Amino acid sequence: MSSGFSGADLAALLQQFVTYPEQVWYAIAAFLFIVGCFQWGSFVHSKFARRRHYESDEETAITNGIHQKFSLRRIPLAVINFYRVVAFRWTLEIGQSYTLNMAEVFVTVAYIALLLTYAFINTTTVEGQKLDVIFWSNRIAMLASSQFPIVTALGTKNNLVSLVTGISYDRLNYIHRMMARTCFMLLCVHAVGEVVSSPYFHLSEASLRAGIIALAAFFVLIIVSLRPVRTGAYEVFFYIHFLGIGIFLVGGYYHTKGAYGSYWIWPSFVFWALDRVIRVVRLVVFNHSYFGFKSGAGTMDAATELLSEDVVRLRLHRPPHFHWSPGQTAYLIMPSVSTLPFEAHPFTIASFDSSSLSTEEPEDQSGSGENYGTQVLGSSAPFWKELVFLVNVHGGFTKKLKEVAATKGKAKVFVDGPYGPSSDLGSYDTCVFVAGGTGISYTLPVFLSVIESVRKGKSSCKRVVFIWCIRKAEYVQWIEEALVKAVQLAPHSLTVSIRIFNTGSPSTSQSMEVDSNLLNPTEKNGIPEQVMTRKGSSISSMLMSLREVKMESGRADLDTLLKDEVSVASGSMSVSICGSQGIARAVRHALRFPVSGPSSILSGRPSVTLYVESFGYA
């Protein structure tokens, strides 16, 4: 214990208990405000600003070997692309599954540095003893406690941080975990400091026992929040996290009460309770007013279908007032399937909330088209008229859902949502979508929305590319008719290219295409015939007959595919991906320098924006 700790030192310590956490909060608030200005500014610009079209003699792409004029007017755009590449496409890769982009690395390092700086500055006593343990040990605990409200808020679905910054809760989840782990590290330092300064503990003190229990609960929370546990045993994580956070906050409240630090703890209960109230209200409104609870109505029944050994499809009738945007998610509560009746599991909505695509006929369709809305969709109608979810089967809840789907049974479902952002791609000249397996839950509805926007004149997109990597050829049947109808509904001004790669087959140079002259879709009245691939899987000849569709064996060379698209594109280009870490890494690598470098942008090549929907856990 420090022997030279005077009354003046104690007064300074108590003053720092108040001022230092407040200054940390000011720094965090300023950072969030800056991020919010950029995010909302970008949103407003994409919604309301008229996109500039550069004259062809000033700034267009170098296409087909024709060199175009270098333009200094594109310096701001070059700076933006440089920032995008450095912040989001340069990554720190840890093993095969862990990826952090440089923006996340910067925020992590800056946050830890900020807290440690405030923990160890001005720790010299009046007597001249530097780094006095009483100063830093107690102050570091107060700094950690001051972060609990924002850590709790970032872990909720409805939080003020998302409202201010415009960043969805799922993207903020990394920050939630990072801040929580940093606070745990600070509390461990606090515990060590207490042991050093006060070697004789009095466990009879209630506040000390509460602190030990809280720290033990926090340790368990850190362990179960690690990615292997979350992905391998989500239910275990869900139960322990739900219970552990309550034990930790209650214990932390009583531990800090004597040190006048509990006022940093109780707001956490408020934020958590507010989120739960909002979710319950949404749940009641959506499932009562829209779905209905009437006995025997069956409106809450979800039809299940086992598409493959590891994929289940859920289909629900779309309520007339339930709307969502492409790429959004919903939490499904299925009491008859889950272990506990209130378990909520997040899934991306794989269908597209559209009325026009389900009623309008294609531009080249002849005849009256009076009842064509129903005919044109065929069995792909669920992708326009229903809530559709594609569920990967692992263990626990999804394994039980697979057992229900094996019998083609139905299950009661409560829907909480929608959540998350939706990419606004209306200002891009070229849109590229890359998905692996059930990643089409995200890319398919966004792909359909681009087609609808072009039909309505809300988008100037001229080319859209849909790339899908699958393990088996028969997976195409999941969405084949939706793809066929999407191609048929695409206006003539929009070039559509669909590339499907069967990674379960060895790479071949020969395409698995069917010549378009073998089948005229209009002559078959929309009824697909079946052809056999080399592997013996049946694929609709209707889909494969379309010149816009190409299926190949082997892995997709995403680096070459994307660079080829950039080389022929002009204006602006978006790339949206949803798949494994391997796919996300390959796309990021392809879109780094020099493809998106300043010299490339200044020379007229397209500005490329990347949207990544694959999760990278730390």
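## Exercises on a predicted model

K408 counts as exposed, with a relative accessibility of 67%. The model used in these exercises is predicted.

**Exercise 1. Locate K408 and describe its backbone**.

Solution.
- Step 1: K408 sits in the loop between α14 (397-406) and β8 (410-412).
- Step 2: Its phi is positive, about 55 degrees, although K408 is not a glycine.
- Step 3: The cut-off for exposed is over 50% relative accessible area, so K408, at 67%, counts as exposed.

**Exercise 2. Classify the packing of helix α15 against helix α16**.

Solution.
- Step 1: Two packed helices are described by the angle between their axes and the distance between the axes.
- Step 2: For α15 (residues 440-456) and α16 (residues 480-489), the axes come within 10 Å and cross at roughly 20 degrees.
- Step 3: Angles under 35 degrees count as roughly parallel, so α15 is roughly parallel to α16.
- Step 4: The crossing of α15 with α16 is left-handed.
- Step 5: On the α15 side the contact involves L444, F447, L448, I451 and R455; on the α16 side, A482, L483, A486 and L489.
- Step 6: Sorted by type, the residues of this contact are eight nonpolar, no polar and one charged.

**Exercise 3. Is T438 buried or exposed, and which residues does T438 touch?**

Solution.
- Step 1: T438 belongs to the loop between β10 (430-436) and α15.
- Step 2: Buried means under 20% relative accessible area; T438, at 15%, therefore counts as buried.
- Step 3: Leaving aside residues up to four places away in sequence, T438 touches V311, L390, N392 and W478.
- Step 4: T348 is 90 residues from T438 along the chain, yet their C-alpha atoms are separated by 9.6 Å.

**Exercise 4. Describe the cis peptide bonds that precede P418 and P594**.

Solution.
- Step 1: G417 and P418 are joined by a cis peptide bond with omega about 0 degrees. P418 is found in strand β9 (residues 414-419).
- Step 2: F593 and P594 are likewise joined by a cis peptide bond, with omega about 5 degrees. P594 lies in the loop between α19 (581-590) and α20 (598-602).

**Exercise 5. How many disulfides are there, and how accessible are C188 and C469?**

Solution.
- Step 1: A pair of cysteine sulfur atoms has to be within 2.5 Å to count as a disulfide. The count comes to zero.
- Step 2: C188 is partly exposed, at 29% relative accessible area, whereas C469 counts as buried, at 11%.

**Exercise 6. Summarise the chain as a whole**.

Solution.
- Step 1: The chain has 20 helices and 17 strands.
- Step 2: Of its 618 residues, 50% count as buried.
- Step 3: Among contacts with a separation of 6 or more, 77% come from residues 24 or more positions apart.

Key
Residues are numbered from 1 along each chain as its sequence is written. This is a predicted model: local features need pLDDT of at least 70, side-chain atom pairs count only at pLDDT 80 or more; totals for chains, interfaces and linings use all residues. Side-chain values use heavy atoms; hydrogens and water are left out. Axes are lines fitted to C-alpha atoms, for helices over the stretch in contact, and angles run from 0 to 180 degrees between N-to-C directions. Helices (H or I, at least four residues) and strands (E, at least two) are DSSP runs, numbered from the N terminus. Angles under 35 degrees count as roughly parallel, over 145 as roughly antiparallel, 65 to 115 as roughly perpendicular and the rest as oblique. A crossing is left-handed if the near helix is turned anticlockwise from the far one by less than a right angle, and right-handed if clockwise. Contact means heavy atoms within 4.5 Å. Ala, Val, Leu, Ile, Met, Phe, Trp, Tyr, Cys and Pro count as nonpolar, Asp, Glu, Lys and Arg as charged, and the others, Gly among them, as polar. Buried means under 20% relative accessible area, exposed over 50%, partly exposed in between (1.4 Å probe, protein chains only).
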